[in-house]
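Got your viewer open? Load the model, pick a cartoon representation to begin with, and keep the selection box handy.

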Amino acid sequence: MTSPAVIAGLTLLPSASASTLYWDINGTGTGATNGTTASGAWDSSTTNWSTDSTGASATQIWGGAGNVADFSAGTNATGTSTVTVTGTQALDGVTFEEGAVKITGGTLDFGAIAGSITNARTSGANTMAGVITGTAGLTVNDGTGSSLVLSGANTYSGVTTINGG
């Protein structure tokens with residue numbers, strides 16, 4: 001017989017790797033948008049996230065901690081987009097791939113894991129203007145020729161590591 005303490009302990013173990021959810025405001029249409037910009041709301045009820053990197057699958061609400069937010073599905077969101085965060089959204093990381101994305105409002109909470117922000121673009125700037133919280137530090141991986149602006153009243157603690165840029 002397995003003791004309840006062992007079962008409870010097993011359910012508290014973190015996952016080995018985070019899942020990626022792709023920003024996708026056009027539902028099952030290919031790519032992240034029907035145009036070149038993909039502005040929208042990041043909250044607990046709007047279905048702007050896809051598990052499909054091409055954006056051709058059904059969308060869902062944000063999955064919370066254990067997930068990395070990737071901007072964006074497909075390759076067509078090449079313009080300037082504003083993503084407005086409402087409330088506090090738990091996550092493991094953020095990746096910027098296409099377009100110039102500005103994340104405003106709300107709080108992005110990395111919790112007790114070392115948060116990661118990856119700017120994979122080769123030119124232009126992305127901005128995180130909301131609050132970043134967490135207790136285990138932050139690693140920023142910045143692409144050559146691009147920039148990442150952290151302009152919010154951030155309250156995370158721990159070591160900040162900047163790679164590239």
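What follows is a walk from the whole fold down to single residues.

**Before you click**

This is a predicted model, where local features need pLDDT of at least 70, side-chain atom pairs count only at pLDDT 80 or more, and totals for chains, interfaces and linings use all residues. Residue numbers start from 1 along each chain as its sequence is written, and side-chain values use heavy atoms, with hydrogens and water left out.

**Stop 1: everything**

Select the whole protein and colour by secondary structure. You get one helix and 15 strands. Helices (H or I, at least four residues) and strands (E, at least two) are DSSP runs, numbered from the N terminus. Now switch on a surface: the accessible area is about 7,600 Å², and 56% of that belongs to carbon and sulfur atoms. That area comes from the Shrake-Rupley method with a 1.4 Å probe.

Of the 165 residues, 40% are buried. Buried means under 20% relative accessible area, exposed means over 50%, and partly exposed is in between (1.4 Å probe, protein chains only). If you like contact maps, look off the diagonal: of the contacts with a separation of 6 or more, 50% join residues 24 or more positions apart. A contact here is heavy atoms within 4.5 Å.

**Stop 2: the parallel sheet**

Select E2, E5, E8, E11 and E14. In what order do the five strands sit in the open sheet? They run E2-E5-E8-E11-E14, with parallel pairing. Two strands pair if DSSP finds at least two bridges between them. The edges are E2 (40–42) and E14 (146–150), each pairing on one side only. Look along the sheet and you'll see a twist that averages 20° from one strand to the next; the axes behind that angle are lines fitted to C-alpha atoms, and angles run from 0 to 180 degrees between N-to-C directions.

Now step across it pair by pair:

- E5 and E8 (residues 100–104) pair over five bridges; show Thr 80, which stands opposite Ala 100 in E8.
- E8 and E11 (residues 124–128) pair over two bridges; here Ile 103 faces Met 128 in E11.
- E11 and E14 pair over five bridges, and Thr 127 has Val 149 in E14 as its bridge partner.

**Stop 3: the nonpolar core**

Switch to sticks for Trp 42, Trp 49, Phe 71, Phe 96, Ile 103, Ile 117 and Met 128. These have the most contacts inside the largest nonpolar core, which has 27 residues. A nonpolar core is a set of buried Ala, Val, Leu, Ile, Met, Phe, Trp, Tyr and Cys residues joined through side-chain atoms within 4.5 Å. E1 (19–23), E4, E5, E7 (93–96), E8 and E13 (138–142) each supply at least two of its residues, and the largest share, three residues, comes from E1.

Zoom in on Ile 117. Beyond its neighbours within four places in sequence, Ile 117 touches residues including Phe 96, Phe 110, Met 128, Ile 132, Leu 148 and Leu 150.

**Stop 4: Asn 67**

Go to Asn 67 in strand E4. Buried or exposed, this asparagine? Asn 67 counts as buried because its relative accessibility is 10%. A polar atom of its side chain lies 3.3 Å from the backbone oxygen of Gly 63 and one lies 3.1 Å from the backbone oxygen of Gly 64. Farther off in sequence, the contacts of Asn 67 include Trp 62, Leu 91 and Asp 92.

**Stop 5: the loop after E4**

Check the omega between Phe 71 and Ser 72: the peptide bond is cis, at about 20°. Ser 72 belongs to the loop between E4 and E5.

Ala 77 is in the loop between E4 (67–71) and E5 (80–85). With a relative accessible area of 2%, Ala 77 is buried. Past its neighbours within four places, its contacts include Ser 72, Thr 33, Ala 38 and Gly 99. Draw a distance from Ala 77 to Glu 98: they are 21 residues apart in sequence, with 6.0 Å from C-alpha to C-alpha.

**Stop 6: Asn 34**

Finish in the loop between E1 and E2, at Asn 34. Asn 34 counts as exposed, because its relative accessibility is 74%. Its side chain makes a polar contact with the side chain of Asn 26 at 3.1 Å. A polar contact is a pair of N or O atoms within 3.5 Å; within protein, one must be able to donate a hydrogen and the other to accept it, and residues adjacent in sequence count only if both atoms are side-chain atoms. One last distance: Asn 34 and Asn 76 are 42 residues apart along the chain, and their C-alpha atoms are separated by 8.2 Å.
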